[in-house]
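User: Please zoom in on one part of this model for me, then walk outward from there. I'd like one connected account rather than a list.

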Amino acid sequence: MSAVNEQGTIHKGLDGVTVDTTAISMVNPETNSLTYRGYPVQDLAAQCGFEEVAYLLWHGELPTPHQLAEQTDFERAHRKLSSSLVDTLMRLPASAHPMDTLRTAVSILGAHDPVEDDNSPRSNRRKALRLFSALPAVVALAQRRGRGLEPIPARDDLGFAENLLHLTFGEVPEPPVVRAFETSLVLYAEHSFNASTFTSRVVTSTLSDMYSAVTAAIGALKGSLHGGANEAVMAMLTEIGSPDAAEGWLADALAAKKKIMGFGHRVYKKGDSRVPAMRAALQDVVEARGGHELLDTYEALARAMLREKGLHPNLDYPAGPAYHLMGFDTPAFTPIFVAARITGWTAHITEQFAANALIRPLSHYSGPAERALPN
Ligand SMILES: CC(=O)SCCNC(=O)CCNC(=O)[C@H](O)C(C)(C)COP(=O)(O)OP(=O)(O)OC[C@H]1O[C@@H](n2cnc3c(N)ncnc32)[C@H](O)[C@@H]1OP(=O)(O)O
Ligand SMILES: O=C([O-])CC(=O)C(=O)O
């Protein structure tokens, strides 16, 4: 929504404002499409591993086998968290949300990086890979801790997605579940100037460091209007309970002026480009694991929402129930989003450093006119 006053147009929420260029991804709401460096995201999800997509986002091209092997060697060698980091994370209050654990972990990783203040492209490339490598162990630690379990060691014979699943569950699930999980990582990896990515670019624009920018981005992603919606979707579907209850539940929620989690989007108005691929991945998980009633509830609510509000699901809508059926506890959902989006965030931080301008918008003052202090 924008409003004009004597000081110019106010673009509340920066709605519709183009603030910079990016060569990383393109969201096209007219065609409901999303490309990473020119490649349609659904093609990447179908044909590429998450590590290749990470390389593409960082470097602009898909890797050669040699380039991928180099990246994989680094990633597998840096999966282990230091014992002091594990001790600190395990001492956080049991009530801490896993997103707080992740935010703290990134902050500590920054404090322990010996060249933290060097913002050269080479150094930032190393930092991005270091975060990418370490985050699965933090995601898994947070979920296991919630279940009263100790962390377990990474397996360096497994790919990124399989290793994250192994670290969480102590075993690698059946191939359809692994594929569905990897699809979700590819779909979650990048989405232009969304709120958390923009946050990371704002922090970067002051010439701060990558760890600070990522720490801030995690905070922005946690909110339920952004990444936190995948957790809120699961809470909502659980509360609805059955397909028959969806219509009545929605009528009550809309009458109470509630936002329905997992629906609507700032940019897409005709449907989120990533939903068809994630809906298919959810179907695969249901076929492998059961959950037909949950899927029917999902469909019943989506139908009612389209009819009542004309709103389509966003990526968080299928991702929430898919993660639930894979066995993740709900508070692990947004942390998984972080483990995927670290690729997009760090690509944007690097792009921002390469052509930086301090991000500092204006505001229209609406407080009292200038006045004298009381005597
Ligand atoms: C990966 C991601 O981050 S995707 C986004 C995840 N977030 C969610 O799923 C949370 C639920 N969705 C929403 O809150 C919104 O759709 C947002 C925040 C994603 C986008 O919001 P905006 O672009 O600011 O649109 P805004 O909130 O102004 O909505 C426009 C209208 O649609 C309505 N609307 C939009 N989304 C919803 C929703 N999920 N439930 C109910 N009404 C909605 C608004 O109430 C508003 O109606 P009004 O004009 O009568 O007041
Ligand atoms: O683009 C947005 O505003 C939110 C979103 O879908 C994402 O970050 O993946």
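Analyst:
**A helix close up**

Helix 2 (residues 50-59) is largely enclosed by the rest of the structure, because 8 of its 10 residues are buried. Buried here means 20 or more other C-beta atoms within 10 Å of a residue's own, exposed means 12 or fewer, partly exposed is anything in between, and the C-beta atoms are placed from the backbone. The helix labels come from DSSP runs numbered from the N terminus: H or I of at least four residues for helices, E of at least two for strands.

Before going on, a word on what you're looking at. This is a predicted model, where local features need pLDDT of at least 70, side-chain atom pairs count only at pLDDT 80 or more, and totals for chains, interfaces and linings use all residues. Residues are numbered from 1 along each chain as its sequence is written, while chains are lettered from A and ligands numbered from 1 in the order in which they are written.

Back to helix 2. Its buried set is made up of Phe50, Glu51, Val53, Ala54, Tyr55, Leu56, Leu57 and Trp58. Just after the helix comes Gly60, with a positive phi near 90°.

Helix 15 (residues 316-326) makes a nice companion, being mostly covered, with 10 of 11 residues buried. Those are Asp316, Tyr317, Pro318, Ala319, Gly320, Pro321, Ala322, Tyr323, His324 and Met326. The cover over them includes helix 8, helix 11 (229-240), helix 13 (275-289), helix 14 (292-309) and helix 16 (333-354); a contact is two C-beta atoms, placed from the backbone, within 7 Å. As with helix 2, a glycine comes next: helix 15 is followed by Gly327, and its phi is positive, near 115°.

Stepping back a bit, the protein splits into domain 1 (41-223 + 342-354) and domain 2 (229-325), with bounds taken from an automatic or database domain assignment. Their C-alpha centres are 27 Å apart. Where they touch, domain 1 puts in 12 residues and domain 2 puts in 12 residues. On the domain 1 side, helix 1 (41-47) and helix 8 (175-188) supply at least two residues each. Helix 8 gives the most to that side, with 8 residues. The domain 1 face that touches domain 2 has 7 nonpolar, 3 polar and 2 charged residues, counting Ala, Val, Leu, Ile, Met, Phe, Trp, Tyr, Cys and Pro as nonpolar, Asp, Glu, Lys and Arg as charged, and the others, Gly among them, as polar.

Now the ligands. A residue goes into a ligand's shell if its C-beta atom, placed from the backbone, lies within 6 Å of the molecule. Ligand 1 is surrounded by 18 residues, the closest being Ala229, Ile260, Phe263, Gly264 and Arg266. Sorted by class, that shell has 7 nonpolar, 7 polar and 4 charged residues. Around ligand 2 you'll find His191, Asn194, Arg266, Val267, Asn314 and Leu315, which sort into 2 nonpolar, 3 polar and 1 charged.

A few loop residues are worth a click. Ser192 sits in the loop between helix 8 and helix 9 (195-205). Its phi is positive, about 50°, although it is not a glycine, and it counts as partly exposed because it has 15 C-beta neighbours inside 10 Å. Arg37 belongs to the loop between strand 4 (33-36) and strand 5 (39-40). Phi of Arg37 is likewise positive, near 50°, in a residue other than glycine. With 19 other C-beta atoms within 10 Å, Arg37 is partly exposed. Then there's Gly223, in the loop between helix 10 (210-222) and helix 11. Gly223 and Ser196 are 27 residues apart along the chain, with 9.7 Å between their C-alpha atoms.

As for the whole thing, the protein has 16 helices and 5 strands. Its radius of gyration is 21 Å, close to the 21 Å that the globule rule gives for 375 residues, so the protein is as compact as a globular protein of that length. That radius is taken over C-alpha atoms, and the rule is 2.2 Å times the number of residues to the power 0.38. The C-alpha trace spans about 70 × 55 × 50 Å along its principal axes. Of the 375 residues, 44% count as buried. Among contacts between residues at least 6 apart in sequence, 76% join residues at least 24 apart.

Finally, confidence. Mean pLDDT is 96, and 98% of residues reach 70 or more; pLDDT is the predictor's confidence in each residue, from 0 to 100. The model scores ipTM 0.98 and pTM 0.97.
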